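Work through the following exercises with the sequence and the model side by side. Each task is followed by a solution that goes step by step.

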Amino acid sequence: MSSTPLHLVPSPVEAASDDAFPHVAINRLRREGRLSAPLPVALGGEGLCEPGQVGALRRLLTETGRDSLPVGRLFEGHVNALALVLRYADPGTREALARDARDGHLFGVWNTEPKENGLTLDAVGRLHGAKSFASGAGFVTRPLVTARMPDGRSLMLVMRLKAGERADLGEWRVHGMRATATGTVDFSGLSLGDGAVIGAPDDYSRQPFFFAGAWRFLAVQLGGMEAVVEIFRTHMRDTGRGGDPHQQARFGRSLIALESCRLLVARAAEIAAAEALVPERVVACVNLARAAIDQAGLDVLTLAQRSVGLAGFLDDHPLEAQMRDLATYLRQPAPDFALTGMAAHVLDGDTPLHELWPEA
């Protein structure tokens, strides 16, 4: 894997429309070996999913999100899928799917379902139903999905799809993150033979890995915040307004928000990777970082908007698309549950605050 920083430059088609899937950027990830980097060295990767490499993975996710939040979202889904495969799949399945990653297949995790027609697996191994809000629909060719079994339990599968098949993007009309090609994918008619079983029933929701894995998308969102603040700084310099004390104050508050979140996400990643604490405390640490990113991201957007002014809302200003993408990506499900769950865990315990999440 190349050690050079990512600077994902869109093609002319991608630059002309933020609806376009980022083919150039994803192909860059393929060429530089980043799609296989999460794999262990023995399977042809860089070992980025191993606990000792959590800092390197965090920095790569932030770097990717800083260059492009839609690409960061897709790459984070790819990493998440491979992390689940490496953790739960049997050796033969791990090796086969590692080969697919080395061959350049894009993975993803699709667990959200429509209100009706959710994905199920019948008693003879046939799939029925769909997944919704599937990022990379039509472009992810190795999606990890959860299917409800007849006994009510959930089973993970990595399905083999061809690019462009079974995807419906007709309802993906959103404010930001349009390039993620998020849509609905119908798996009806496929069977277990069209994919691979990952782990045992209900492994997907085992804690702390299930909730604590949120640190990865927080790292991507941090990159989006960095991009907003960098655009903010560039605008102040280019317009000669950086000497204004009010602008300096707003920019200073943006830096405080950004750097505070960087520390919290780094700590959450370390705690999640180590899994040395009880699951509830690991999850609480990640949820603390999640609540901070959610609020700080909104604060950074507001500060940049107030300083840049109307110019930042013009479609030819770099802040406009970046604001839309970050505001949309920050809208992860159940933010109040993450915040109150974290607070309840701390309130219900007797551990001194300074000992909740001890340093390694």
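Is Cys49 buried, partly exposed or exposed? Cys49 is partly exposed, with a relative accessible area of 27%, where buried means under 20% relative accessible area, exposed over 50%, and partly exposed in between (1.4 Å probe, protein chains only).

Before going further, note that this is a predicted model, in which local features need pLDDT of at least 70 and side-chain atom pairs count only at pLDDT 80 or more, while totals for chains, interfaces and linings use all residues. Residues are numbered from 1 along each chain as its sequence is written, and side-chain values use heavy atoms, with hydrogens and water left out.

**Exercise 1. Cysteines**

Task: determine how many disulfides the model contains, and explain the result for Cys49 and Cys285.

Solution. A disulfide is a covalent bond between the sulfur atoms of two cysteines, and the criterion applied here is a pair of cysteine sulfur atoms within 2.5 Å. Take Cys49 to begin with: the closest cysteine sulfur belongs to Cys285 and lies 19 Å away, which is too far for a bond. Next, take Cys285, whose closest cysteine sulfur is that of Cys261, at 13 Å, again too far for a bond. Cys285 is buried, at a relative accessible area of 5%. The count under this criterion is zero disulfides.

**Exercise 2. Backbone geometry**

Task: locate a cis peptide bond that precedes a proline, and find residues other than glycine with a positive phi.

Solution. As background, most residues other than glycine have a negative phi, and most peptide bonds are trans. The peptide bond from Gln207 to Pro208 is cis, its omega being near 10°. Pro208 is placed in the loop between β9 (195-198) and α6 (209-212), where helices (H or I, at least four residues) and strands (E, at least two) are DSSP runs, numbered from the N terminus.

Turning to phi, Arg166 has a positive value near 70°, and this residue sits in the loop between β6 (154-159) and β7 (167-168). Met177 also has a positive phi, near 55°, and belongs to the loop between β7 and β8 (183-186). As for accessibility, Arg166 is partly exposed at 31%, whereas Met177 is buried at 4%.

**Exercise 3. Two positions in helix α8**

Task: describe the surroundings of Gln247 and Ser260, both of which are to be placed in helix α8.

Solution. Helix α8 spans residues 245-274 and includes Ser260, and Gln247 is likewise found in this helix. Gln247 is buried, with a relative accessible area of 7%, and, leaving aside residues up to four places away in sequence, touches Phe232, Met236, Arg241 and Ser307, contact meaning heavy atoms within 4.5 Å. With Ser307 there is a polar contact between the two side chains, at 2.6 Å; such a contact is a pair of N or O atoms within 3.5 Å, where within protein one must be able to donate a hydrogen and the other to accept it, and residues adjacent in sequence count only if both atoms are side-chain atoms.

Ser260, by contrast, is partly exposed, with 37% relative accessibility. Its C-alpha is 8.8 Å from that of Ala296, although the two residues are 36 residues apart in sequence.

**Exercise 4. Salt bridges**

Task: state how many salt bridges the model has, and identify which parts of the chain some of them join.

Solution. A salt bridge is a side-chain nitrogen of Lys or Arg within 4 Å of a carboxyl oxygen of Asp or Glu, and the count is 18. One of them joins the side chains of Arg216 and Glu76, at 3.7 Å from N to O. Arg216 lies in helix α7 (residues 215-238) and Glu76 in helix α4 (residues 69-88), so this pair ties together parts that are 140 residues apart in sequence. Arg216 is buried at 5% relative accessibility, and Glu76 is buried at 5%.

Another salt bridge pairs Asp100 with Arg142, their closest N and O atoms being 2.9 Å apart. This pair links distant parts of the chain, namely Asp100 in helix α5 (residues 91-102) and Arg142 in strand β5 (residues 142-148), 42 residues apart. Asp100 is buried at 13%, and Arg142 is buried at 8%.

A further salt bridge connects Arg262 and Glu226, at 2.4 Å from N to O. Arg262 is in helix α8 and Glu226 in helix α7, so the pair ties together parts 36 residues apart in sequence. Arg262 is partly exposed at 24%, while Glu226 is buried at 10%. Finally, Arg28, Glu32, Arg34 and Glu63 are linked in a network of salt bridges.
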